[in-house]
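Student: Please pick out how the distant parts of this chain are linked and take me through it closely. I would like each cut-off stated where its term comes up.

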Amino acid sequence: KLSLPLQLATTATIGLSAIAPFQAAQATEFEEFAVDQSKFVAVAVPFNFKQYKLAIIEQIPGEQACWQESGSYPTTVDLLLLDFDHTNTCRKAVDTNGYSLRYNGKDDKVEYTLNLVSRNGQLQLIADHQDPLQQDLIIGRTNGIVEAPMKIELDPAWQFTKRLYQGGAIQHIYMSNNPRPQFLD
């Protein structure tokens, strides 16, 4: 048997649910817009021993430089933003809250997982499909490996875009193979 307070709470909940309209969960559809590619860099940041984490950095126009590139095969990245308060100067995305894959016009955080994989003397940014029967996607590569932050050169079919929701820009970065041609200010 239920106690009187629990019976009242249960009755109230059932009663309210009967008169409150049912709201089904809806998937949110995001769009994307093109951005100036020179304002973004994907970086393989070393941690622990021979492990790397993906970070994407965005330079706010007209502000102090967030990074500096040098060399090639691989191109190393001096993360200048670590030396100053970069709050309103640089944006950095270090996990899937800040970046995701957009494949064939679809926001794809579920089917694909982004990973940095060491292959053939370089790191490759791979989008692993959850279905082992589906082909994984190569998004970019470092063109060598060193124990320093390295630029990930996106393959020609891929570029950075930003998330658009109900006509407004959101500070979420996509690596996209099918961007919208327009730019937003």
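Tutor: A search of the whole structure finds 1 disulfide (a pair of cysteine sulfur atoms within 2.5 Å). The model is predicted, so local features need pLDDT of at least 70 and side-chain atom pairs pLDDT 80 or more, while totals for chains, interfaces and linings use all residues. Residues are numbered from 1 along each chain as its sequence is written, and side-chain values use heavy atoms, without hydrogens or water.

The disulfide is formed by cysteine 66 and cysteine 90, whose sulfur atoms lie 1.9 Å apart, and with -105 degrees about the S-S bond this link is left-handed. Cysteine 66 belongs to the loop between strand S3 (51-59) and strand S4 (68-70), whereas cysteine 90 is in strand S6 (residues 90-93), so the bond ties together parts 24 residues apart in sequence; strands are DSSP runs of E with at least two residues, numbered from the N terminus. Both ends are buried (under 20% relative accessible area; exposed is over 50%, partly exposed in between; 1.4 Å probe, protein chains only), because cysteine 66 has 0% relative accessibility and cysteine 90 has 4%.

Ring contacts add further links, and the search of the whole structure finds 4 aromatic pairs (Phe, Tyr or six-membered Trp rings with centres within 6.5 Å; stacked under 30 degrees, edge-to-face over 60, otherwise tilted). In one of them, the rings of phenylalanine 40 and phenylalanine 160 have centres 5.5 Å apart and planes at 25 degrees, so they count as stacked. This pair joins strand S2 (residues 40-47), which holds phenylalanine 40, to strand S14 (residues 159-165), which holds phenylalanine 160, across 120 residues of the chain. Phenylalanine 40 is buried, with a relative accessible area of 6%, and phenylalanine 160 is likewise buried, at 5%.

Tyrosine 103 and tryptophan 158 form another such pair, with ring centres 6.1 Å apart and planes at 15 degrees, so this pair is also stacked. Tyrosine 103 sits in strand S7 (residues 99-103) and tryptophan 158 in the loop between S13 and S14, so that the contact bridges 55 residues of the chain. Here the two sides differ in exposure: tyrosine 103 is partly exposed, with a relative accessible area of 24%, whereas tryptophan 158 is buried, with 9%. These two residues also belong to a wider arrangement, since ring pairs link Tyr103, Tyr112 and Trp158 into a cluster.

Notes
Helix = DSSP H or I, 4+ residues; strand = E, 2+ residues; numbered from the N terminus.
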